[in-house]
Amino acid sequence: LYYHLLNSKHYLMSDCREYLTKKINIVQHDCFVKNQQYFDKARIAYALKSALKYPLYHLDFESYNSPLPRFRGEKPYIQSVFQYSLHVERAPGVCDIEKDHLEYLSPDHEDRREELIVKMIKDIDLSNGGTVIVYNEAFEKSRLRELSEIFPKYKDELLNIRDHVFDL
């Protein structure tokens, strides 16, 4: 498709509407062309009313991919997680910028994934419920699944975190 678009001199996003089939891509195209914002009010209302359970854990991973596996259990080009950032919102609007920010950053280039996992499981305490909010569900869920496969003794906890993911 990309070559066809280029060969047909469709260089701009505004030129390719007829080729878009996914709803999300059509929304993105229309917002770009019309210079408008899009709000799915029904989904927002659902999330606020039903899907989000406190505490909210705002999770973000940082990772590095390499053509050669860096550590045991990795495959070529796998995203090797070396950091996470976590903000905990304990109740609506209750999130202290310092006390409720938790993180792990590998201190060196050694394999610190298990340390990261242990701290993350401790930091994301879902024993009383909660929701793990991410900006890219596929990315974060994939990292959690990969870590659960590489470190099977933490599989249940990692997959439990994965099961509580909500994509903004």
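This report walks through some helices, strands and charged pairs of a predicted model.

## Helix α2

Let us start with helix α2, which covers residues 23-34. This helix has twelve residues and reaches 16 Å from its first C-alpha to its last, close to the 16 Å expected at 1.5 Å a residue.

Which residues of α2 are buried? They are I26, V27 and H29. These residues cover an arc of only 165° around the axis, so they sit on the same side of α2. On the other side of α2, you will find I24 and F32 exposed. Just after the helix comes N35, with a positive phi of about 55°.

## Strands β1, β2 and β4

Next, look at strand β1, residues 56-65. Strands β1 and β2 run antiparallel, and ten bridges join them. As you follow β1, you can find E62 standing opposite Q83 in β2.

Strand β1 also pairs with β4, which spans residues 131-134. Here the two strands run parallel and are joined by three bridges. In this pairing, L56 has T131 of β4 as its bridge partner.

## Helix α4 and what covers it

Helix α4 takes in residues 113-123. Its buried residues are R113, L116, I117, M120 and D123. Seen down the axis of α4, these residues fall within an arc of 135°, and therefore they line one face of the helix.

What covers that buried set? The cover includes the strands β1, β2 and β3, together with the helices α5 and α6. In the chain, β2 occupies residues 79-89 and β3 residues 101-105.

## Salt bridges

Across the whole structure, a search finds eleven salt bridges. One of α4's buried residues, D123, forms a salt bridge with K119, and their closest N and O atoms are 2.8 Å apart. D123 and K119 are four residues apart in helix α4, so about one helical turn separates them. The two partners differ in exposure: D123 counts as buried at 9% relative accessibility, whereas K119 is partly exposed, with a relative accessible area of 29%. Salt bridges with shared partners also join E74, D111 and R113 into one network.

Another salt bridge ties K153 to E114, the closest N and O atoms being 3.3 Å apart. This pair links distant parts of the chain, with the two positions 39 residues apart in numbering. K153 lies in the loop between α5 (137-150) and α6 (155-163), while E114 belongs to helix α4. K153 counts as exposed at 63% relative accessibility, and E114 counts as partly exposed at 29%.

A further salt bridge joins R112 and D108, whose closest N and O atoms are 2.5 Å apart. R112 is partly exposed, with a relative accessible area of 23%. D108 is partly exposed as well, with a relative accessible area of 30%.

## Cysteines

How many disulfides does the structure hold? The structure holds zero disulfides. For C31, the closest cysteine sulfur is that of C16, and the two sulfurs are 14 Å apart, so they are too far for a bond. A disulfide would need the sulfur atoms to be within 2.5 Å. Another cysteine to find in the model is C95, which is partly exposed, with a relative accessible area of 34%.

Definitions and conventions:
Residues are numbered from 1 along each chain as its sequence is written. This is a predicted model: local features need pLDDT of at least 70, side-chain atom pairs count only at pLDDT 80 or more; totals for chains, interfaces and linings use all residues. Side-chain values use heavy atoms; hydrogens and water are left out. A salt bridge is a side-chain nitrogen of Lys or Arg within 4 Å of a carboxyl oxygen of Asp or Glu. Buried means under 20% relative accessible area, exposed over 50%, partly exposed in between (1.4 Å probe, protein chains only). The arc is that of the directions from the helix axis to the C-beta atoms. Contact means heavy atoms within 4.5 Å. Two strands pair if DSSP finds at least two bridges between them. The expected span of a helix is 1.5 Å times one less than its number of residues.
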